[in-house]
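Trainee: I would like to learn how to read the empty spaces inside a protein. Please take me through one case.

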Amino acid sequence: MMDHATRVGNRLLAALPPADFALLAPHLRKVVIERDSVLVRSGDRIEHLLFPLSGAIATIVELPNGQTVATAIIGNEGAVGLTSALGASHSPATAVVRISGAALQISPAQFLTAQHRSPPIASMVQVFTRSLLTQLQHVAACNALHSVEARLACWLLHIHDRANGSDLLPMTQETLSELLGVRRTTVTHVVSTMRASRALKSNRRGQLEIDRPRLEAVACECYKIMSRRIDRIVSHGAVGLVHGAPARSGSRSPGSRIAGTGS
Ligand SMILES: [Zn+2]
């Protein structure tokens with residue numbers, strides 16, 4: 001069974017009261033998520049929910065003509081496949097691992113059973129949905145209004161936040177093209193511009209070395225606004241889960257949430 005030390009790696013799970021986490025724990029399996037692996041493809045049945053403990057996952061929309069664009073970056077503040085908890089059986093986007101890490105995996109059926117018994121788990125789904133909607137709306141605005149260079153800087157900063165402090169990001173030109181929804185020739189041009197401004201220190205063998213302060217200067221304001229809003233939603237939501245979520249009558253004995261604290 002997963003203990004507290006394991007779940008704290010994911011901010012959504014860490015916020016659950018112990019008695020509610022205990023409903024999920026027997027079904028959670030720790031898995032490695034490898035860079036470039038596709039966790040689910042757009043339109044495929046959602047087989048697993050994944051709560052990342054580390055690493056970064058990009059959600060990508062693929063159009064019928066093969067064009068792609070990233071819509072969100074998900075790390076240990078979120079989950080992949082959680083739309084299944086909202087009733088969707090098929091994935092609305094493709095989820096690709098950009099930075100390797102680990103995750104806790106559970107089947108949608110087992111998650112739904114726990115969710116129906118636990119108001120805090122249901123609240124956790126709402127918290128993540130709100131943070132994801134915020135991200136999607138902001139990315140829509142950013143994609144329409146800001147330059148490719150500023151957008152690339154934003155995505156790299158979001159990925160760097162989830163890269164365990166390493167300034168070397170495993171990103172090929174193809175990966176960048178997939179995130180940005182632009183041709184490889186545009187990527188080549190933007191990367192050389194950012195090399196000239198020293199926001200990118202090197203790009204060799206599929207590794208981009210970033211200069212974080214310079215990259216922040218190139219990025220549009222979207223990076224900071226989005227990071228702050230998502231952090232606020234997840235942090236406030238977490239406080240709400242522990243202190244504010246109403247217990248469904250009869251679902252458990254009074255005071256059991258407090259009694260379970262620290263177990
Ligand atoms: Zn922007």
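Mentor: We will go through the cavities of this structure, which is a predicted model.

Trainee: How does one look for empty space?

Mentor: Rolling a probe the size of a water molecule over the atoms shows where empty space is left. In this model, the count is 2 cavities of 30 Å³ or more.

Trainee: What volume does the largest cavity have, and which residues line it?

Mentor: Its volume is about 60 Å³. The residues lining the largest cavity are Val139, Cys142, Asn143, Arg151, Cys154, Trp155, His158 and Met226. By class, 5 of them are nonpolar, 2 polar and 1 charged.

Trainee: Which helix gives the largest share of that lining?

Mentor: That is α6, with 4 residues. Both α5 (119–145) and α6 (148–160) supply at least two residues of the lining.

Trainee: Where does the largest cavity lie with respect to the domains?

Mentor: Look at which domains the lining residues come from. Domain 1 (1–145 + 228–263) and domain 2 (147–219) both contribute to the lining of the largest cavity, so this cavity lies between them.

Trainee: What lines the second largest cavity?

Mentor: The second largest cavity holds about 30 Å³ of space. Its lining consists of Ile74, Glu77, Gly78, Phe128, Ser131, Leu132, Gln135 and Ile230. Here α5 gives the most, with 4 residues.

Trainee: How many of these lining residues are nonpolar, polar and charged?

Mentor: The lining of the second largest cavity has 4 nonpolar, 3 polar and 1 charged residues.

Conventions: Residues are numbered from 1 along each chain as its sequence is written. This is a predicted model: local features need pLDDT of at least 70, side-chain atom pairs count only at pLDDT 80 or more; totals for chains, interfaces and linings use all residues. Side-chain values use heavy atoms; hydrogens and water are left out. On a 1 Å grid over the protein atoms alone, a cavity is a set of points where a 1.4 Å probe fits but cannot get out, and a pocket is an open set with protein on both sides within 12 Å along at least five of seven lines; lining residues have an atom within 4 Å of a point. Grid points are joined across faces, edges and corners, and a volume is the space filled by probe spheres set on the points. Ala, Val, Leu, Ile, Met, Phe, Trp, Tyr, Cys and Pro count as nonpolar, Asp, Glu, Lys and Arg as charged, and the others, Gly among them, as polar. Domain bounds come from an automatic or database domain assignment.
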